[in-house]
Amino acid sequence: MQVNNRETSDRIVARKSSFQFKRWFKATGWRHLIGVFMAVFSAFPLVYVLSAALQPGGTLITANGLFSEVSLGSFVTLFNLPQQPYAAWYGNTLIIGVITSIGTVFLGALAAYSFSRMRFFGRRGGLLTLVLLQMFPQLLAVVAIFLLLNGISDIFPAIGLDSQVGLIMVYLGGALGVNTYLMYGFFNTIPASIDEAAKLDGAGHARIFFTIILRLVAPILAVVGLLSFIGTTNEFVIASIVLISPENQTLAVGLYQFVSQKFSTNYSVFAAGAVLAALPVMALFLWLQKYIVGGLTAGSVK
């Protein structure tokens with residue numbers, strides 16, 4: 001009799017546990033399952049590239065056995081190739097990325113402040129024009145950019161073809177648009193009464209912008225700067241036609257040489273270079289992550 005009671009009690013507990021598990025899975029458990037799947041799906045390419053960078057074989061096929069062999073030879077080789085100056089590419093990418101990001105943030109902030117705080121003829125049309133221009137990427141203007149810089153090279157070689165300054169100016173030419181519209185939404189969340197109080201104390205637009213507004217809109221500035229830095233460091237097409245000399249090229253253009261040659265491809269060195277190239281972006285993302293969510297959500301309110 002006691003055995004039957006014990007079996008009945010165990011069945012009740014099992015049914016209760018099964019019911020609780022089904023209830024938990026229906027409520028929140030499926031979200032955890034999807035989260036784990038997406039984490040594995042997102043992390044696998046990163047792990048695979050890191051494994052390929054540590055493989056001495058020089059091919060991606062040998063990386064199928066993840067971390068079966070670990071060697072830093074590819075990283076050493078990366079900095080000892082005279083025809084592929086990786087260190088120079090790295091420095092060029094950081095310089096171009098930082099300057100372009102700062103310029104993008106500054107120009108976008110000036111435009112967004114003007115559209116948000118000033119009332120002038122063509123204001124609404126200007127905003128719509130900036131948004132519509134982003135429908136046509138810079139890729140469509142590759143031929144025009146090449147011919148324009150080629151013509152400028154005959155007059156001002158410092159900003160023409162094979163010039164980092166020229167590439168930065170091309171990037172800044174397309175800096176407005178969606179960035180300005182995103183900043184415009186964030187600027188609208190700042191109460192106009194702050195500007196009015198500053199004007200009563202004798203402050204002009206420049207003083208209000210540089211001493212008050214910029215501090216209040218720091219989250220959106222960080223977001224735009226991060227997006228601009230990522231886009232600049234990953235850009236390939238325009239950089240490949242503007243920068244010709246190997247010592248002036250960026251990482252996106254230079255690393256392609258390791259896998260573009262038919263009989264001398266070295267995917268292990270390419271993967272090692274890609275891993276090192278991701279470090280500045282990752283460091284900047286971690287440094288600015290506290291601003292990212294707030295900047296994106298607040299900028300999309302209006």
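Read along the sequence, the protein chain follows the pattern α-α-α-α-α-α-α-α-α-α-α-α-α-α. That comes to 14 helices and zero strands. The model is predicted. The protein chain has 302 residues, of which 35% count as buried. Among contacts with a separation of 6 or more, 69% join residues 24 or more positions apart.

**Helix packing**

Three helix pairs are set out below.

| Helix pair | Crossing angle | Axis separation |
|---|---|---|
| H3 (residues 86-117) and H7 (residues 178-187) | about 50° | 8 Å |
| H4 (residues 123-133) and H7 | about 130° | 8 Å |
| H8 (residues 192-200) and H9 (residues 205-216) | roughly 140° | within 10 Å |

Start with H3 and H7. Their axes lie 8 Å apart, at an angle of about 50°. That makes H3 oblique to H7. The crossing of H3 past H7 is right-handed. On the H3 side, the contact is made by Thr104, Val105, Gly108, Ala109, Ala111, Ala112, Tyr113, Phe115, Ser116 and Arg117. H7 supplies Asn179, Thr180, Met183, Tyr184 and Phe187. By class, the contact of H3 with H7 holds nine nonpolar residues, five polar and one charged.

H7 also packs against H4. Here the angle is about 130°, and the axes are again given as 8 Å apart. H4 and H7 are therefore oblique to each other. From H4 come Arg123, Leu127, Leu130 and Val131, which meet Thr180, Tyr181 and Tyr184 in H7. These residues divide into five nonpolar, one polar and one charged. Thr180 and Tyr184 thus appear in the contact with H4 and in the contact with H3.

The pair H8 and H9 follows later in the chain. Their axes come within 10 Å and cross at roughly 140°. What does that angle make of the pair? An angle over 145 degrees would count as roughly antiparallel. H8 and H9 are therefore oblique to each other. Their crossing is right-handed. Ile194, Asp195, Ala198 and Lys199 of H8 meet His205, Ile208, Ile212, Ile213 and Leu216 of H9. The contact of H8 with H9 has six nonpolar residues, one polar and two charged.

**Two residues of H3**

Arg117 lies in helix H3. Is Arg117 buried or exposed? Its relative accessible area is 16%, under the 20% limit, so Arg117 is buried. The side chain of Arg117 reaches the backbone oxygen of Phe187 at 3.2 Å. Phe187 belongs to the H7 side of the H3 contact. Setting aside residues up to four places away in sequence, Arg117 touches Phe187, Ile190, Pro191, Ala192, Asp195 and Ile213. Two of these partners, Asp195 of H8 and Ile213 of H9, also take part in the contact of H8 with H9. Arg117 is thus in contact with residues from both sides of that pair.

Thr100 also lies in helix H3. At 2% relative accessibility, Thr100 counts as buried. Which backbone oxygen does the side chain of Thr100 reach? The partner is Ile96, at 2.6 Å. Beyond residues up to four places away in sequence, Thr100 touches Ile168, Tyr171, Leu172, Ser228 and Thr232.

**A meeting of two loops**

Asp162 lies in the loop between helix H5 (142-153) and helix H6 (164-173). Asp162 is not a glycine, yet its phi is positive, at about 60°. The relative accessible area of Asp162 is 23%. Buried means under 20% and exposed over 50%, so Asp162 is partly exposed.

Asn248 sits in another loop, between helix H11 (237-242) and helix H12 (251-255). Along the chain, Asn248 and Asp162 are 86 residues apart. How far apart are their C-alpha atoms? The separation is 7.1 Å. The side chains of Asn248 and Asp162 make a polar contact at 3.3 Å. Leaving aside neighbours within four places in sequence, Asn248 is in contact with Asn92, Asp162, Gln164 and Leu243.

Terms used
Residues are numbered from 1 along each chain as its sequence is written. This is a predicted model: local features need pLDDT of at least 70, side-chain atom pairs count only at pLDDT 80 or more; totals for chains, interfaces and linings use all residues. Side-chain values use heavy atoms; hydrogens and water are left out. Axes are lines fitted to C-alpha atoms, for helices over the stretch in contact, and angles run from 0 to 180 degrees between N-to-C directions. Helices (H or I, at least four residues) and strands (E, at least two) are DSSP runs, numbered from the N terminus. Angles under 35 degrees count as roughly parallel, over 145 as roughly antiparallel, 65 to 115 as roughly perpendicular and the rest as oblique. A crossing is left-handed if the near helix is turned anticlockwise from the far one by less than a right angle, and right-handed if clockwise. Contact means heavy atoms within 4.5 Å. Ala, Val, Leu, Ile, Met, Phe, Trp, Tyr, Cys and Pro count as nonpolar, Asp, Glu, Lys and Arg as charged, and the others, Gly among them, as polar. Buried means under 20% relative accessible area, exposed over 50%, partly exposed in between (1.4 Å probe, protein chains only). A polar contact is a pair of N or O atoms within 3.5 Å; within protein, one must be able to donate a hydrogen and the other to accept it, and residues adjacent in sequence count only if both atoms are side-chain atoms.
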